[in-house]
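Hello,

I am passing a structure on to you, with some notes on what turned up in it. Please have a look whenever you have a moment.

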Amino acid sequence: MADSETDLRQILWEEQHMNQEIKIAVCDDLAEDRENITRLLSEYTDKNNLYVKIEEFSSGEAFLSSDTSVYSLVFMDIFMSGMNGMETAKKLISRNSRVQIVFGSTSTEFAAEAFDIEALHYMVKPVRKEKLFHILDRFFDSVYSLRTVNVKVGRLEESIYISDILYAEADGKRAKIHTKKGVIDASMSMADLEEVLPANEFCRPIRWALVSMREIVAMPTDILKLSDKTEIPISRLKRKEIQDAFANYSWRSTRRRMRGGIL
């Protein structure tokens, strides 16, 4: 029953917080190369349950004639007929300074120029799956480090970064949220707070505490040691559950960071 409740809570959280569509553009004059990148992007996003829309463009001119402000990530071929990828990218950045660009080319001729405009990466073709996935790991790690959650504070709602939360503790019928910037007295219960946080990133080691697994630095037998030196006890009946949850979280984090390698 506990596992099914956790799964349901995670699904509800994803529907509420993750279904914010991220738009990715693939700009390449070779249909085969566009299809290859699009196929790999779809495989990655499907595997990681990400809500993404991918659009293809066969030239820089066609891409710039679209609403470029909507794209968060663009895969840009360097050598295209008409306007080349570097020229296209510079025009793009003048319109959308927050966009991340990954260049692709059969040579490294433009690599230095690409990094001068702070490109996310420069891929040498042919594009390999493990290399592309590593780039996507970096991009989505950055995107989701900016995730926020709205919590009730008095009669208002306050938006806080999920990555800033250390732990929360029960304070009567309300939750006291300890963050890296201070303590927030939320006008909501621990159960309500737990529902809006990602289940696979937080654990409940004891009835009165909710802990970010990102902030756990050590786990002796009966306590969690956090990055700010706080120690949270683990209920005897929950030790195996918490150990397994943290092991799974650590494995997922390590896998994402180690995948790929030097590009």
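A contact here means heavy atoms within 4.5 Å of each other. On that basis, of the contacts in the protein between residues at least 6 apart in sequence, 54% join residues at least 24 apart. Please keep in mind that this is a predicted model.

First, the overall picture. The protein has 263 residues, and 44% of them are buried. Its secondary structure consists of eight helices and 15 strands. The accessible surface adds up to about 14300 Å², with 49% of that belonging to carbon and sulfur atoms.

Next, a hairpin you may like to look at. Strand S6 (residues 148-153) and strand S7 (residues 156-161) run antiparallel and are joined by six bridges. Thr148 has Tyr161 of S7 standing opposite. Two residues lie between S6 and S7 in this hairpin, and Gly154, in the turn, has a positive phi of about 65 degrees.

Then there is Asp171, which belongs to strand S8 (residues 165-171). Is Asp171 buried, exposed or partly exposed? Its relative accessibility is 42%, and because the partly exposed class lies between 20% and 50%, Asp171 counts as partly exposed. Asp171 can also be placed relative to Ala186: the two are 15 residues apart in sequence, and their C-alpha atoms are 9.5 Å apart in space.

Do write back if you would like to talk any of this through.

Best wishes

Conventions. Residues are numbered from 1 along each chain as its sequence is written. This is a predicted model: local features need pLDDT of at least 70, side-chain atom pairs count only at pLDDT 80 or more; totals for chains, interfaces and linings use all residues. Side-chain values use heavy atoms; hydrogens and water are left out. Helices (H or I, at least four residues) and strands (E, at least two) are DSSP runs, numbered from the N terminus. Buried means under 20% relative accessible area, exposed over 50%, partly exposed in between (1.4 Å probe, protein chains only). Two strands pair if DSSP finds at least two bridges between them. Accessible areas come from the Shrake-Rupley method with a 1.4 Å probe; for residues, only the protein chains shown count as cover.
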